[in-house]
Structures are given as C-alpha cells and as structure tokens.
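Ready for a bit of practice at reading a protein structure? Have a look at the sequence and the 3D view, then work through the exercises below.

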Amino acid sequence: MSADLKVLLVSDQEESLIHLSGIVNEFEKTDNITYRELKTELDRLAPDLIFLIESSDYSNVDWIEYVHSVNTFTPIVFIALSQDFDVLRNVTRAGIKEFFVLPDENALLYGRLESIIHTAIQSKQQIVESAIAQDSFKRGRGKIISFYSGKGGAGKTLISSTFAQTLRFESTAQVLLIDLNLQFGGIETYLSIESNRSIADLLPVINELNESHIRNVSQKEKFSKLEVLLSPRDAELAERLPEGFITKLLRTCRRSYDFVIVDLPAHMTEHTYIALEESDKIYYVLNPDTPSISMLKQVELLFLRLGIESENRLEVVLNEVGKENEIKPGDIKKLLTYPLVAQLKRDIKGVQAKVNVSEPFRKEANEKRLVPFARNIRKWVAQTLD
Ligand SMILES: Nc1ncnc2c1ncn2[C@@H]1O[C@H](COP(=O)(O)OP(=O)(O)O)[C@@H](O)[C@H]1O
Ligand SMILES: [Mg+2]
C-alpha cells in the first residue's frame, strides 16, 4: 500500500507509539526517534512522511515549525493523545492539515491513511523535481565522514587527506574534503594547495548557500582533482562564525557530493561538536599506546555527556602500527567497544618523503609504486566502496 515511503515517528514516550503500531505495519520503512534526536536526525533520515506525536512539554508548534524549515514539503500528521482544544488549534495554525486524537480517532486515521500516503508520494515527487530544478541534488544524499581523535598528532589530517584523495582516484564518486581546523588548517600542506580562498568566503552567502558557491570557493588538488574547502586559519574568525554555519555548510555539501570528508581538530569546540553530530560515520584515529587509549576513554565520556551518539557510527582506525609497539593490535581490539576498521603501518620513510616536500601520496589511478602507508589506505578505501 505504501510504495516505499520512509516514515518517521517522533515521540517522547515509547508507550504512545503503541497507538500507532497498527499504522506502522502498513509501511515497510519506519524510524522511531525522540524529539531530542529530531534536530540531528531529521536531515539525515530524510523521511517522506512524518508522524509527530504530541510532545509532553507543549513545544508542539516549535517542532512543527522546525520540521517545516528543514523539510518544507514533507507532510506531517499530528497525533494528540487527549482532546485539548488549545493544542489542536495551535497545531492547525502552524499549518498541520491532518491531526488525530488517539486512541479515540483510530478508525478515522485508518480511513484517511490512503489519502495521506497519496499526499506523501506526491510531495516526494515534488521534492525531487524542485531539487533538480535548483541543481542542488544530483545523486541523492552523500555521506559525511569525519576524522577525529582527542589527541593532536595522531594522524587525522594525514589520513583524512590521503583517504579523500584515494577515494577520488579509486571511484567515480564526487568527493569534497573540508578542513575544519579553523584555527591552524593543515590540509593545504599535505596536499600542496596554495590559495587564499577558504570556508570563510562562504560567510556572506551562507543563507542561500548552494552547490555553485561551494565549487567557487573550493580548490582542486592537482593530481586527483579532489575538491577541497580550505581552513581560514584564523582563530578570531572561527569564533565569529554564526550559529548554524557549519550545519548549513555540511548539509549543502551532502546534497552535492557523494562523500564529504571532514578533518577535525582535537579540541572540542561548538564547530567540532556540530560536525560530529552531522556525520554518518566518525573515524577515530588511535595510536597503539596507553596514553592514546586512555584519551579514547575520555572522549567516550565526553561524547556521552554531550549526547553524541557513537553506536553504529564511530569506528576506530589504528595508526602507526609497528613491530616495536608493546601493545599489539590484537590486545587493542579486545579493549575496544567499537569496530576496528583499518590498521595503518608506521611508515616513517614513506610518509616523511612525501610530507617533507609537501607532496600528496597519490599521483594517478592504479599506481603500482605506492609507499606502505598509501597502500594501507587504498585497501581500506576499496573495502569502504564495496
Ligand atoms: N602512519 C604514519 N607513519 C609515519 N608517520 C606518521 C603516520 N601517521 C602520522 N605520522 C606523522 O605524524 C604527523 C602528524 O600527523 P597529522 O595528520 O598532522 O596529525 P593530527 O591531524 O592528528 O594532528 C605527520 O605529519 C607524520 O609525520
Ligand atoms: Mg590535524
């Protein structure tokens, strides 16, 4: 009945979902989230139909407005859990056309379901068409992959830039690399890019930001043609970036590229936090030594306190693996609560030869002679693409 609509149920109390369990069975794909998760999950889940179940703190109208602002065309069905004239009047004023008081109006909801589904299918079509018209949506939703570690010098920038460059060479994907080390930068030296253009140039257009703004400001890495948004390398400017800047930037990039690779600094700023929240995947760069492992434990606690979901998102990349390490990868694997996705060798010779002359690791696709570090990355990228 439901075509393949993606349905989102938003509710504060699990019990209230019981009223909707019959409805849920009509759809193949449903996600349940709380209001707290709405801000971070709405854009990522991109539902075709949303059921908002009355929130317990009377903020219904705010939530409706929020959903409208992110997903303008997506139909919303409002579910009230008791007859409350004020609530229903307010949600109607906020633009809700379909609302039901459950369980009393269960039959009514069933009766309307076919028409609700029809509206959702139509809006889905409309969304695709308007996006094509804006030329801001060519390939669907790209993946945001962040590289993070609580420790400086772990290899985040080296790895993220090589990962992005390799991804560009090994696939036909559209790849964008973003340097969010807003204070000091770093990507430009690893990829040998000289330019004064940076993310800061997007500031004046942030409210109408689109793909062509990004392509105008991004720089191309010479060999791979990987697109890169450089850091402004300006601490003061980083502090002045308005609230919502990084969110808008990442969401716009996600619509235009298949992969958005984000290099993050070790310190937790508001910008780092937002980038982590928006990411589909977080690669945590870990060195195989005790200080790095205890740092990961600290980061784990910090994520918990900030409400950054790590389950199914955070994966560990072990960097600088070598024979002389006392702690072996096998021991680390046992300690970790996260999957270990890649092991990169400590390759002092190979890495220094490139880094010291500011040369990227890759020059062309299907290269035969790669240093061990670049070979490790290629293997990992190939697994990612499978
Ligand atoms: N696998 C490796 N083999 C050899 N040297 C490495 C390796 N990973 C990192 N390094 C060294 O560590 C330095 C710092 O890495 P970087 O990516 O800038 O750290 P972060 O971004 O985490 O602060 C690199 O310039 C390089 O010299
Ligand atoms: Mg760095």
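What follows is a set of exercises on a predicted model, each with a worked solution.

**Exercise 1. Work out how helices α2 and α10 run relative to each other, and what kind of residues meet between them.**

Step 1: Start with the general idea. Two packed helices are described by the angle and the distance between their axes.

Step 2: Find the two helices. Helix α2 covers residues 35-45 and helix α10 covers residues 245-256. Their axes come within 11 Å and cross at roughly 15 degrees.

Step 3: Turn the angle into a word. Angles under 35 degrees count as roughly parallel, so α2 is roughly parallel to α10. The crossing of α2 and α10 is right-handed.

Step 4: Look at who touches whom. From α2 you have K39, D43 and R44, and they meet R251, R254 and R255 of α10. Sort the residues of this contact by class and you get six charged, no polar and no nonpolar.

**Exercise 2. Do the same for α2 and helix α3.**

Step 1: Helix α3 spans residues 60-70. The axes of α2 and α3 come within 11 Å, and the crossing angle is roughly 5 degrees.

Step 2: That angle makes α2 roughly parallel to α3.

Step 3: On the α2 side, the contact is made by Y35, L38, K39, L42 and D43. On the α3 side, look for W63, Y66, V67 and V70.

Step 4: Count by class: seven nonpolar, two charged and no polar residues in the contact of α2 with α3. Keep in mind that the contact of α2 with α10 had no nonpolar residues.

**Exercise 3. Find the largest nonpolar core and explore the contacts of L202.**

Step 1: In soluble globular proteins, nonpolar side chains tend to be buried together.

Step 2: The largest nonpolar core here has 46 residues. Those with the most contacts inside it are I178, L180, L202, L229 and L286. Helix α10 gives this core its largest share, five residues.

Step 3: There's also a second, separate core of 32 residues, and its members include I145, A154, L167 and A342.

Step 4: Now zoom in on L202, skipping its neighbours within four places in sequence. L202 is then in contact with L209, H213, I214, V217, L229, F245 and L249.

**Exercise 4. Decide whether T247, V24 and V371 are buried, partly exposed or exposed.**

Step 1: You need the cut-offs: buried means under 20% relative accessible area, exposed means over 50%, and partly exposed lies in between.

Step 2: T247 sits in helix α10. Its relative accessible area is 17%, so T247 is buried. Leaving out residues up to four places away in sequence, T247 touches I274 and E278.

Step 3: V24 belongs to helix α1, residues 21-24. With a relative accessible area of 21%, V24 is partly exposed. Not counting residues up to four places away in sequence, V24 touches L9 and T30.

Step 4: V371 lies in the loop between α14 (348-355) and α15 (372-385). Its relative accessibility is 22%, so V371 is partly exposed. Leaving aside neighbours within four places in sequence, V371 is in contact with D347, G350 and F361.

**Exercise 5. How far apart in space are the C-alpha atoms of V371 and V351, and those of V24 and T74?**

Step 1: V371 and V351 are 20 residues apart along the chain, and their C-alpha atoms are separated by 7.7 Å.

Step 2: V24 and T74 are 50 residues apart along the chain, with 18 Å between their C-alpha atoms.

Definitions and conventions:
Residues numbered from 1 in each chain as written. Chains lettered and ligands numbered in written order. Predicted model: local features only at pLDDT ≥ 70, side-chain atom pairs only at ≥ 80, totals over all residues. Heavy atoms only, no water. Axes fitted to C-alpha atoms, helices over the stretch in contact; angles between N-to-C directions. Helix = DSSP H or I, 4+ residues; strand = E, 2+ residues; numbered from the N terminus. Parallel < 35°, antiparallel > 145°, perpendicular 65-115°, else oblique. Left-handed = near helix turned anticlockwise from the far one by under 90°. Contact = heavy atoms within 4.5 Å. Nonpolar A, V, L, I, M, F, W, Y, C, P; charged D, E, K, R; others polar. Core = buried A, V, L, I, M, F, W, Y, C linked by side-chain atoms within 4.5 Å. Buried < 20%, exposed > 50% of the residue type's maximum accessible area, 1.4 Å probe, protein only.
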